[in-house]
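User: I have a small protein to go through with you. Can we start from one residue and work outwards?

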Amino acid sequence: MANRKNVHIVQRENGWGALREGGQRATQVYDTQAQAIQAGRQMARQGQGELLIHGQDGRIRARDSYGNDPCPPKDSK
């Protein structure tokens, strides 16, 4: 089941798009990946979801959590 709070940064024919998980169309298409990441990060923060950044090959190359972290860091205490 798709988590609509998550935002994916993916390459499109005419640039880079910020796309909610489960969606078919990008919210907006940007000229650079950096611009799409900036917009996607804001969307993920507002929805308290996860930002997943895809490379040109389509594979996830980085991710950031802005809400319930599915894999929180373990404290050394």
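**From one side chain to the fold**

Analyst: R63 is partly exposed, with a relative accessible area of 49%. Exposed would need a value over 50%. Keep in mind that this is a predicted model.

User: Which side chain does R63 meet in a salt bridge?

Analyst: R63 meets E50, with 2.7 Å from N to O. E50 sits in strand β4 and R63 in strand β5, so the salt bridge ties together parts that are 13 residues apart in sequence.

User: And E50, buried or exposed?

Analyst: Buried, because its relative accessible area is 11% and the cut-off for buried is under 20%.

User: Why would such side chains pair up at all?

Analyst: Side chains of opposite charge can pair when their charged atoms come close.

User: How many salt bridges are there in the whole structure?

Analyst: Two. Besides the one between E50 and R63, there is one between the side chains of D64 and R41, at 3.1 Å from N to O. D64 belongs to strand β5 and R41 to helix α1, so this pair links distant parts of the chain, 23 residues apart. D64 has a relative accessible area of 29%, which makes it partly exposed. R41 is partly exposed too, at 25%.

User: Let's step back. What helices and strands does the protein have?

Analyst: One helix and five strands. Starting at the N terminus, the order is β-β-β-α-β-β.

User: In what order do the strands lie in the sheet?

Analyst: The order is β3-β2-β1-β4-β5, in an open sheet with mixed pairing. The edges are β3, residues 28-30, and β5, residues 60-65. Each of these two has a single partner strand, so one of its sides has no neighbour in the sheet. From one strand to the next, the twist averages 25°.

User: Where does the helix go?

Analyst: α1 packs on the sheet and touches β1, β2, β3, β4 and β5. The direction of α1 makes about 160° with that of β4.

User: Back to β4 and β5. In which sense do they pair?

Analyst: Antiparallel, over five bridges. I53 stands opposite A62, and H54 has I60 as its bridge partner. The two strands form a hairpin with five residues between them. In the turn, G58 has a positive phi of about 90°.

User: Which residue other than glycine has a positive phi?

Analyst: Q48 is one, with phi near 50°. Most residues other than glycine have a negative phi. Q48 is in the loop between α1 and β4. It counts as exposed because its relative accessibility is 54%, and the cut-off is over 50%.

User: Now the inside. Which residues make up the largest nonpolar core?

Analyst: There are twelve: V7, I9, W16, A18, Y30, A36, I37, A39, M43, A44, L51 and I53. β1, β2, α1 and β4 each give two or more residues to this core.

User: Which element gives the largest share?

Analyst: That is α1, with five residues.

User: Pick one core residue. What does Y30 touch?

Analyst: Setting aside residues up to four places away in sequence, Y30 touches N14, G15, W16, Q35, A36 and A39. Among these, W16, A36 and A39 are listed in the core along with Y30.

User: What about Q33, buried or exposed?

Analyst: Q33 is buried, because its relative accessible area is 17% and buried means under 20%. It lies in helix α1.

User: What does the side chain of Q33 reach?

Analyst: It reaches the backbone oxygen of H54, at 3.0 Å. Beyond its neighbours within four places in sequence, Q33 is in contact with I9, W16, I53, H54 and R61. I9, W16 and I53 also appear in the largest nonpolar core.

User: Last one. How much of the protein counts as buried?

Analyst: Of its 77 residues, 35% count as buried. As for contacts, take those between residues at least 6 apart in sequence: 27% of them join residues at least 24 apart.

Conventions: Residues are numbered from 1 along each chain as its sequence is written. This is a predicted model: local features need pLDDT of at least 70, side-chain atom pairs count only at pLDDT 80 or more; totals for chains, interfaces and linings use all residues. Side-chain values use heavy atoms; hydrogens and water are left out. A nonpolar core is a set of buried Ala, Val, Leu, Ile, Met, Phe, Trp, Tyr and Cys residues joined through side-chain atoms within 4.5 Å. Buried means under 20% relative accessible area, exposed over 50%, partly exposed in between (1.4 Å probe, protein chains only). Helices (H or I, at least four residues) and strands (E, at least two) are DSSP runs, numbered from the N terminus. Contact means heavy atoms within 4.5 Å. Two strands pair if DSSP finds at least two bridges between them. Axes are lines fitted to C-alpha atoms, for helices over the stretch in contact, and angles run from 0 to 180 degrees between N-to-C directions. A salt bridge is a side-chain nitrogen of Lys or Arg within 4 Å of a carboxyl oxygen of Asp or Glu. A polar contact is a pair of N or O atoms within 3.5 Å; within protein, one must be able to donate a hydrogen and the other to accept it, and residues adjacent in sequence count only if both atoms are side-chain atoms.
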